[in-house]
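Here are my comments on the model, as numbered points. Please read them beside the coordinates.

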Amino acid sequence: MTIEEARKELGEYLHLLKLCDLKKRKIDELRRLVQSCKGITYGDHLGNNGGDIAYQVAKIADFEKELESQKMQAEEKCNYIEGKIYKVGEERVLYANILEMRYILGYKMEKIAVDLNYDYTWLTRLMRNAINLYSKIN
C-alpha cells in the first residue's frame with residue numbers, strides 16, 4: 001500500500017461516521033415531517049394526502065434499511081482501521097497515538113502538537129513516519 005492510499009484509508013474513518021450521522025439526521029427529519037402531517041378527514045378524498053404519508057413512511061423504512069447496511073460496512077471498515085493503528089502501536093506507541101488523535105478523534109495537527117508538546121514541523125515528520133509504518137501493515 002502506498003502512503004497516499006494509507007492516508008485515504010485513514011481519512012475514510014471520520015467520513016464514514018459523518019455519513020452515517022447525516023443519514024440518521026435525515027431519518028429523524030422525515031419522522032418529524034410524518035408526525036406533523038395532519039390526519040385524514042373522512043370528507044376528503046383519499047388521493048394525495050393518504051399517499052404522501054404512506055410514501056414518507058416507506059421512505060423512512062428504506063432509509064433505515066440503507067443506514068443499517070451502511071452502518072455494518074462502516075463498523076467493519078472502522079474496526080479494520082483501528083486494528084491497523086493498534087498494530088502500529090505495537091511497534092511505536094507514539095505513532096499510534098498520533099494516528100488516533102488525527103484520524104479517529106479528528107484533531108487538527110496544531111492541537112496534536114500542543115497536546116503532545118511537540119514542534120509542529122517535528123510532528124509532521126512523526127506523522128509522515130506513522131503513516132509510512134501504517135502503510136506497510138497488511
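1. Which residues of α3 are buried? They are Y95, A96, I98, L99, M101, Y103 and I104, where buried means under 20% relative accessible area with a 1.4 Å probe, protein chains only. This is a predicted model, in which local features need pLDDT of at least 70, side-chain atom pairs count only at pLDDT 80 or more, and totals for chains, interfaces and linings use all residues. Residues are numbered from 1 along each chain as its sequence is written, and side-chain values use heavy atoms, with hydrogens and water left out.

2. Helix α3 covers residues 93-104 and spans 15 Å from first to last C-alpha, close to the 16 Å expected for its 12 residues. That expectation is 1.5 Å times one less than the number of residues; helices are DSSP runs of H or I, at least four residues, numbered from the N terminus. After α3 comes G106, with a positive phi near 80°.

3. L99 of α3 is in contact (heavy atoms within 4.5 Å) with L10, I85, V88, I104, M127, A130, I131 and Y134, leaving aside residues up to four places away in sequence.

4. The largest nonpolar core (buried Ala, Val, Leu, Ile, Met, Phe, Trp, Tyr and Cys joined through side-chain atoms within 4.5 Å) has 25 residues, and L10, I85, V88, L99, M127, I131 and Y134 touch the most other members. At least two of its residues come from each of α1, α2, α3, α4 and α5. A second, separate core has nine residues, among them I27, V34, L67 and A74.

5. S135 is in helix α5 and counts as buried because its relative accessibility is 4%. Beyond four places in sequence, S135 touches M1, T2, I3 and A6.

Key: Buried means under 20% relative accessible area, exposed over 50%, partly exposed in between (1.4 Å probe, protein chains only).
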